[in-house]
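Reader: I should like to examine the basis of each term applied to this structure. Please show it first.

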Amino acid sequence: MKPTVRPNNPCFSSGPCAKRPGWSVSALETALVGRSHRSKGGRARLQEVLERSRALLGVPDGYQIGIVPASDTGAVEMALWSLLGPLGVDALAWESFGKGWVTDIVKQLKLPDVRVLSADYGKISDLSAVDDDRDVVFAWNGTTSGVRVPDENWIPEPHEGLFICDATSAVFAMEVPIAKLDVVTYSWQKVLGGEGQHGVLILSPRAVKRLENYQPSWPLPKIFRMTKGGKLDEGIFKGDTINTPSMLCVEDALDGLKWAEDIGGLPALIKRSEANLAAVAEWVARTPWVDFLAEDPEIRSSTSICLKIVDPWFAALPDEEQAKVAKQVASTLETEGVAYDIASYRDAPAGLRLWGGATVQRQDLEVLFAWIDWAYGQVKEG
Ligand SMILES: Cc1ncc(COP(=O)(O)O)c(C=O)c1O
């Protein structure tokens, strides 16, 4: 039977993610548009984003936090290009984004001593094989496979190499132990539902030391450069962005941060995301045709929740047909206006992906499940 109740918000995309409950464009009315970001007011807004983010995430004293160009990709690239080289690298790749960073390290930077610790979609690299005498590059949460690292116990303290962590689909929804990491990156478009295009880069004192004492043998474009005369360009981490940010995006980021504070800060955000994962788990448990792509609950993401279809009818189809079925389920739901953008990532196994980050309401997911069941039945019956 076709359900009648619809989710209040049909946005379940894994990025850009749903806006916070109650958001409307009026949240941007106070944006400092048409003004210089280097004016007193502009700079104050940028600093406010940094201060609120630092407080919410518990960024330790002595760590730098700055707004950088080109979203999370920009932040990760800045780190890889500026820091890698002096040590061997362990790069962890268990889904598409991790694999992308490996391509950069091996094919673009052409570093000679790289160990790629890979794993299939739904699984995680062997974390016990990580050598902390080397630099380590990894994503805390693999957005395209729905797999996250289970804990922080595999990161020794102290360590010799730099732990460089792409945390874009993890921060504000999971405990990310920033004090144990040397580089943490994210963008605004994920867990707090902000706009794309700006990245955030967090650096440990050891990462700063590397920046000040190591000069890569390759050239660095202006938007990657974090030092001046061999010293950290501290302005970048005080709101003097390298180039011009969007003050609309800045206002929106502030709106997301204030909402997060109002609902109870990081613990409340994490609780909301875990509740979303729990709701999906309950539905999966009572639904024979669907299962988590990540079989091990310890590594299951609470943000990018990836599902596979385990119906024998589906399993018997050739790969291309499977991909078509999954896409049809997603497009049926989109046409109905009940769920947008929930087909699995283009390189990942055919299935569905539901965003369960903090801006998504558990009730909306619960209402959606009946729709997914219905849409799957429709597609199966042809
Ligand atoms: C783990 C991970 N890394 C990097 C990116 C790229 O982020 P952006 O488009 O914000 O640069 C994404 C986007 O989904 C991601 O999930």
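The exchange below sets values against definitions.

Author: This is a predicted model, in which local features need pLDDT of at least 70 and side-chain atom pairs count only at pLDDT 80 or more, while totals for chains, interfaces and linings use all residues. Residues are numbered from 1 along each chain as its sequence is written, and side-chain values use heavy atoms, with hydrogens and water left out.

Reader: What makes the pair formed by serine 71 and the ligand a polar contact?

Author: A polar contact is a pair of N or O atoms within 3.5 Å. A side-chain N or O atom of serine 71 is 2.5 Å from a ligand oxygen atom, so the pair qualifies by that definition. Threonine 73 likewise has a polar side-chain atom 2.5 Å from an oxygen atom of the ligand, and for glutamine 189 the distance is 2.8 Å.

Reader: How much of the ligand's accessible area does the protein cover?

Author: The protein covers 86% of the 390 Å² that the ligand has on its own, by the Shrake-Rupley method with a 1.4 Å probe.

Reader: Why is the crossing of α1 and α5 called left-handed or right-handed?

Author: A crossing is left-handed if the near helix is turned anticlockwise from the far one by less than a right angle, and right-handed if clockwise. α1 passes α5 in a left-handed crossing. Their axes are 10 Å apart, at an angle of about 35 degrees.

Reader: Which residues of α5 meet α1?

Author: Among them are Met247, Val250 and Leu254, where contact means heavy atoms within 4.5 Å.

Definitions and conventions. Polar contact = N/O pair within 3.5 Å; in protein donor to acceptor, adjacent residues only side chain to side chain. Axes fitted to C-alpha atoms, helices over the stretch in contact; angles between N-to-C directions. Helix = DSSP H or I, 4+ residues; strand = E, 2+ residues; numbered from the N terminus.
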